[in-house]
There are 2 protein chains.
Amino acid sequence: MITTEVNGIPVPTLRRLPSYLQFIRALAATGRDVVSCTHIAEHLRLDATLVRKDLQTTGIVGKPKVGYYIPALIEAIEHLLGWDNVTDAFLVGAGNLGAALMGYDGFREHGLNIVAAFDVDPRKVGRMLHDKQVLHLDRFADLAARMHIHIGIITVPEQHAQEVADLMVLSGIKAIWNFAPADVHVPSGVIVENVRLSASLAVLSTRLAATLRAGQN
Amino acid sequence: MITTEVNGIPVPTLRRLPSYLQFIRALAATGRDVVSCTHIAEHLRLDATLVRKDLQTTGIVGKPKVGYYIPALIEAIEHLLGWDNVTDAFLVGAGNLGAALMGYDGFREHGLNIVAAFDVDPRKVGRMLHDKQVLHLDRFADLAARMHIHIGIITVPEQHAQEVADLMVLSGIKAIWNFAPADVHVPSGVIVENVRLSASLAVLSTRLAATLRAGQN
DNA sequence: TAGATTGTTAATCGATTAACAATC
DNA sequence: TAGATTGTTAATCGATTAACAATC
């Protein structure tokens, strides 16, 4: 029921690749042109064999004793993730969270370009958000179809998340990045990626409780 | 190297518990007082046995043919996650993302209360953010110690994440929830939970590419 | 009672780690 | 050359799923 592989790449691998990419991009910026698994693994506190296996999914081969050629590695990871082409996206919910995502330039380096924000609040519609217009939600379907938008980002309050998701599906959106603290349901064929902050917080809270308890002994 | 269990609870279980909690809280609000694993599993599209095993970690026992008593289940999950007590937290970075987190009331139901925001930008310091003051970062260490704050939330740009983390560690913070798109390093004994949006986006991008490719055939 | 659901043990599956030959 | 690192296969580990008796 849960997809464990995408395109033959295990999901855990897929989730680690951006960390590798970030690190080797930083290395590239310092002028280095080769890197070993050992080096990456140390920085990210992972097992070197795990890194090697992950990198193998990109098809890149390294040189024994030397490592991997950084420019080729960057290109291969970007290509595997589809980040070598920037895809346009629409965002719904022009609140603080929406504004934060609109204002983050780094997404361009992750293949994502948020081209417009939508809202129903008349105080927000018509304003500019980080050089992008805030449009009324009524215009979503028409514009999404005309501009061939495939990615929708949900940053509305919990109670409106499902209706926004429904609108996105009707408008031909193929992938939804959901930041609302509610699971949204969509027909099969449409992808949903839920950003579950509560899952992250659960790990944090429980770890903290465990260390505080240990500290008192 | 990676912790797979916290307090004897596997991390994957820990990450699913908030979803269960959200669902059964919603059921409780409709007046229901029992729920079966089958019912939870269907809603969240998980295997019923998996849900049963996860719920067993809370220590709650169900009744065959009936299910679990909802109020006891809610209490047990909240207790396990430490969400039955609200913990105060400080946030650093009063930008849009910081404002979004400050304004989200739902954290109170997740055991988290952000009591103040800090920044170095003179245009932000002194202002109010969702009824909480924005203070100068210089005051972080002193106030954290005096108020016995254990949780720090980082919502500053990438390039300042590590220095903020260092300050938090020096100030006695025991757990850092890091929203900056950069891994921060801390001494052992301090917990870091990184919210890696790029990991989530990697899964979304790759799935989308796979379905678009499939659609063209 | 009959049947749905729990609790529990065993089987499977997949991800991570260990071992080691090949090689630059 | 010697030693570090790759690529690859095998072993381990842990998480999920299947099977099934107990029970309300």
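**Exercise 1.** Determine which atom of DNA strand C lies 3.1 Å from a backbone N or O atom of B:Lys65.

*Solution.* The partner of the B:Lys65 backbone atom is a sugar or linking oxygen of DNA strand C. This is a predicted model, in which local features need pLDDT of at least 70 and side-chain atom pairs count only at pLDDT 80 or more, while totals for chains, interfaces and linings use all residues. Residues are numbered from 1 along each chain as its sequence is written, chains are lettered from A and ligands numbered from 1 in the order in which they are written, and side-chain values use heavy atoms, with hydrogens and water left out.

**Exercise 2.** Identify the atoms of B:Gly62 and B:Arg52 that approach phosphate oxygens of DNA strand C.

*Solution.* First, B:Gly62 places a backbone N or O atom 2.6 Å from a phosphate oxygen. Next, B:Arg52 uses a side-chain N or O atom, at 3.3 Å from a phosphate oxygen.

**Exercise 3.** State how many residues of each class form the surface near DNA strand C (near: a heavy atom within 4 Å).

*Solution.* Eight residues are nonpolar (Ala, Val, Leu, Ile, Met, Phe, Trp, Tyr, Cys and Pro), seven are charged (Asp, Glu, Lys and Arg) and seven are polar (the others, Gly among them).

**Exercise 4.** Describe the interface of chain A and chain B.

*Solution.* Each chain gives 61 residues to the contact (heavy atoms within 4.5 Å). The two chains bury about 5,600 Å² (accessible area, 1.4 Å probe, lost on being put together, summed over both), 66% of it on carbon and sulfur atoms. In chain A, A:Leu201, A:Leu204 and A:Arg207 lose the most area to chain B.

Conventions
Polar contact = N/O pair within 3.5 Å; in protein donor to acceptor, adjacent residues only side chain to side chain.
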